[in-house]
Amino acid sequence: MKKDKKRYRSQEWFDAADDKTAFIHRSWLRNQGLPNDQFDGRPVIGICNTWSELTPCNAHLREFAEHVKKGVLEAGGYPLEFPVMSMGESLMRPTAMLFRNLGSMDTEESIRANPLDGIVLLTGCDKTTPATVMGAASVDLPTIVVPGGPMLNGKYKGERIGSGTFLWNIKDKVSNEGYTKDDLMEAEGCSARSDGHCMTMGTASTMACMVESLGLTLPGAAAIPAVDSRKKLLARNSGRRIVEMVKEDLTISKILTKKAFENAIKINAAIGGSTNFIIHLKAIAGRVGVDLDLKEFDSLGSNIPLLVNLMPSGKFLMEDFFDAGGLPVVIKTMKEHLHNDAITVNGNQIGENNDRAACYNEEVIAQVNKPFKEASGIAVLYGNLCENGAIIKPSAATPELMVHRGRAIVFETVEDYHTQVDDPDLDIDENSVIVLKGAGPVGYPGMPEVANVDLPEKILKKGIKDMVRISDGRMSGTAFGTVILHVSPESAVGGTLAVVETGDMIELNVPERRLHLDISEEELIKRKAAWTPSEPALKRGYVKMYTDHVQQAHLGADLNFLNGKSGSGIPRDSH
Ligand code: FES
Ligand code: MG
C-alpha cells in the first residue's frame, strides 16, 4: 500500500519497472537495517552535510543531522545523510572561494544522481552556504537550509572580541597597545569559545541572514547560536517541514524569485552584511535564471538605513543580535521596503512570518526612524579603472575618504606587498592609494580575501587607521576600511588595473560612484597594448578548469557553464 498518492522521484529507483533494478537499489540500503515501508513511496530526504573537522565552523553539523533525521522520520519521510565538499575559510589555501564552485558541482551532482525527493542543506562557514544553495538550485527539488549558527560572543579582557574583526586590528594592537604574543595566544581561544561560525556580521552570518531573507529557512533561523538548544529544534522542525514541502512540490525555484532577491539585497544593507554577499547572491541568481544586475545592489540597497549594530560596522555580536530578536525584527522593521508577499519554505509569506517579532534591545537593532546610519548598503563604482564595476561598503569605510585623490602605490602581487609595505624607505603617506593587483578570480586564482591589506607600520604609528585601498580581490566580511573591492575586469585578464603604475593619480568619488585613473586616453591605450598576461597558475586539474571558465566578479565568479539548471530529471539506469 502506497502512503501517498503522488509518485515521487525516488520511486524510479525503489519501485523500478523491473525487479532486478529495484532489487539493486533497495538491497544494499538494507544493510542499515531498514524495514520494507521505507521504500513504500514516502518522501526520501537527502541531508546534505558540509560537516568537516577541517571546517571547524561546521564541526557540529554531524550531530545536527541527527536532529533533522528525527524530524524527517516524525513526518513520515525517509532521511539519508550524505557529505559534500566542505570549504573551510580558516584553513583552505589559496582561498576557500576557489572551491565554492566545485562544492556546488558536488552538491548538484550528488543530489541528481541519487533517489532523493527533498533536500536539507546543513551549512555554516562562508562558502558552504552559497555552494550548496547554488548546487541545489541547479537541481530544483524542494530545499530547506539549516544554517549551523554563530559561535557564542568572543570575550577578552572584559570586551567583546569578534571573530575576524579582532584579527584585522592585531597589527595595531601590537604596535600601539603593547599586546604581546601571550596576549594574542590567549585571545585566540577567547574569540572561538564554542561550536559555530564567526559571530560577527561577517560572511557566514551574512550568508545565514541571506538564506533567511530569501525565504529558504524557517523564520528566525539565522541568528540562533550554534550551541543553543533552539538550533537543534530548528533542525528538527526543518526535518519535519521538508517532508511537507515535497508533498506540496514547493521547489526551490518557487522561493527564489526576483522579489526574494530584492528582499535579500535590502535586508543585507540593513544588517551591514558582508561585501561577499554580492558575489554569492549573483551566482545563486545565475543558477535560477533570475536577472540581477550589479547596479541593483546599489540602487536597491545603498539608501537602506543601517539597523543592526554588529561588528564590523558596529559594536555587538550575533549572540546579542539573537537576544535582541534577530532577523525577524529587521524584516518586520523593514516592511515598508520589502516585498512582504514573497513565499518562504514554510509556505507562508515573509511578511506574515515575521509580523509578531519584537525588539528587545534597541542598542542592537534600531527602529527604522532612528537608524545607526542613514544609508548603509554597498556602493557600486564605475570608471576607467573598473569598466564592469567595483564595490565599496561605505558603512565600514571612513567618511572623510569617500572623496579622495591620491597617488597610487602599486603592488603587483600580495607577496610584493608583504615584502615592501613596512620598508621605511617606501615612498608612501596616508594620502596615497594602495593598489593591489593579481587578486581576482583568474589571477590568484580564486579571488582571496586579501584586499583589506594592513596599512604600513610607519603610518599606523602616526595613529592613522585607514587609507584608500583598491584591489580586484575580496575582503573578509569581518573586515572594514575604505577598501575598493572586486575591480572588474581584474588585472590578470588585462583590465585597466593591470596597467596602473606607482605615481599615477587615482580619483575616488563615492557619492558620484566614480573610480578614475587620471592618465590620458592615449597613454592608457599604449599601456594596454604593451601588456601581456602571465602564465596560468596551473595547467591541469580543477584549477585549470576554474581559470578557463570562471566569470568575473561582477557576474558572481561562477563557472560560465554552470549558469542555469539541469533539473531533477531521472538519470539513465546504472546496471
Ligand atoms: Fe568559518 Fe568565519 S571562518 S565562518
Ligand atoms: Mg570570511
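**Entry 1: helix H12**

I began just after helix H12, where Gly 289 takes a positive phi of about 75°. Helices here are DSSP runs of H or I with at least four residues, strands are runs of E with at least two, and both are numbered from the N terminus. The model is predicted, so I kept to its limits: local features need pLDDT of at least 70, side-chain atom pairs count only at pLDDT 80 or more, and totals for chains, interfaces and linings use all residues. Residues are numbered from 1 along each chain as its sequence is written, while chains are lettered from A and ligands numbered from 1 in the order in which they are written.

I then checked H12 itself. It covers residues 276–288, 13 in number, and reaches 19 Å from first C-alpha to last. That is close to the 18 Å expected at 1.5 Å a residue; the expected span takes 1.5 Å times one less than the number of residues. How many residues of H12 are buried? I found 13 of 13. Buried means 20 or more other C-beta atoms within 10 Å of the residue's own, exposed means 12 or fewer, and partly exposed lies in between, with C-beta atoms placed from the backbone.

**Entry 2: the core and Ser 376**

I looked up the largest nonpolar core next. It holds 165 residues. A core is a set of buried Ala, Val, Leu, Ile, Met, Phe, Trp, Tyr and Cys residues joined through C-beta atoms within 7 Å. Val 120, Leu 122, Val 146, Ala 270, Val 308, Val 330 and Ile 484 touch the most other members. Nonpolar side chains tend to be buried together in soluble globular proteins.

I followed Ala 270. Beyond four places in sequence, Ala 270 touches residues including Leu 307, Val 308, Val 330, Met 334 and Ser 376. Contact means C-beta atoms, placed from the backbone, within 7 Å.

Ser 376 led me to the loop between helix H16 (350–353) and strand E7. Why does Ser 376 count as buried? Because 26 other C-beta atoms lie within 10 Å. Among its contacts beyond four places are Ala 269, Gly 272, Pro 305 and Ser 395. I also took one long distance: Ser 376 and Gly 33 are 343 residues apart in sequence and 54 Å apart in space, C-alpha to C-alpha.

**Entry 3: the parallel sheet**

I traced an open sheet of 4 strands, ordered E2-E1-E3-E4, with parallel pairing. Strands pair when DSSP finds at least two bridges between them. E2 (78–83) and E4 (143–147) each have a single partner strand, so one side of each lacks a neighbour in the sheet. Neighbouring strands are turned by 20° against each other on average, direction ignored. E1 (residues 44–49) joins E2 over 6 bridges. Gly 46 stands opposite Leu 80 there.

I stopped at Pro 83, which lies in E2. Is Pro 83 buried or partly exposed? I count it as partly exposed, because 17 C-beta neighbours lie inside 10 Å. Leaving out neighbours within four places, Pro 83 contacts Asn 49 and Trp 51. Its C-alpha is 8.3 Å from that of Ile 47, 36 residues away along the chain.

**Entry 4: other strand pairs**

I went on to E7 (residues 379–383) and E8 (residues 386–392), which run antiparallel and share 4 bridges. They form a hairpin with 2 residues between them. Gly 383 has Cys 386 as its bridge partner in E8.

E9 (residues 403–411) pairs antiparallel with E13 (residues 505–509) over 5 bridges, with Arg 407 opposite Met 505. E9 also pairs with E10 (residues 433–436), in the parallel sense, over 4 bridges. There Ala 408 is bridged to Val 433.

**Entry 5: backbone checks**

I listed the cis peptide bonds. Arg 93 to Pro 94 is cis, with omega near 0°. Pro 94 is in the loop between E2 and helix H4 (100–112). Tyr 444 to Pro 445 is also cis, with omega about -5°.

I then checked positive phi outside glycine. Met 447 has phi of about 60°, in the loop between E10 and H18. Met 447 is buried, with 30 other C-beta atoms within 10 Å. Ala 557 has phi near 55° and follows helix H20 (541–549).

How values were computed: Contact = placed C-beta atoms within 7 Å. Axes fitted to C-alpha atoms, helices over the stretch in contact; angles between N-to-C directions.
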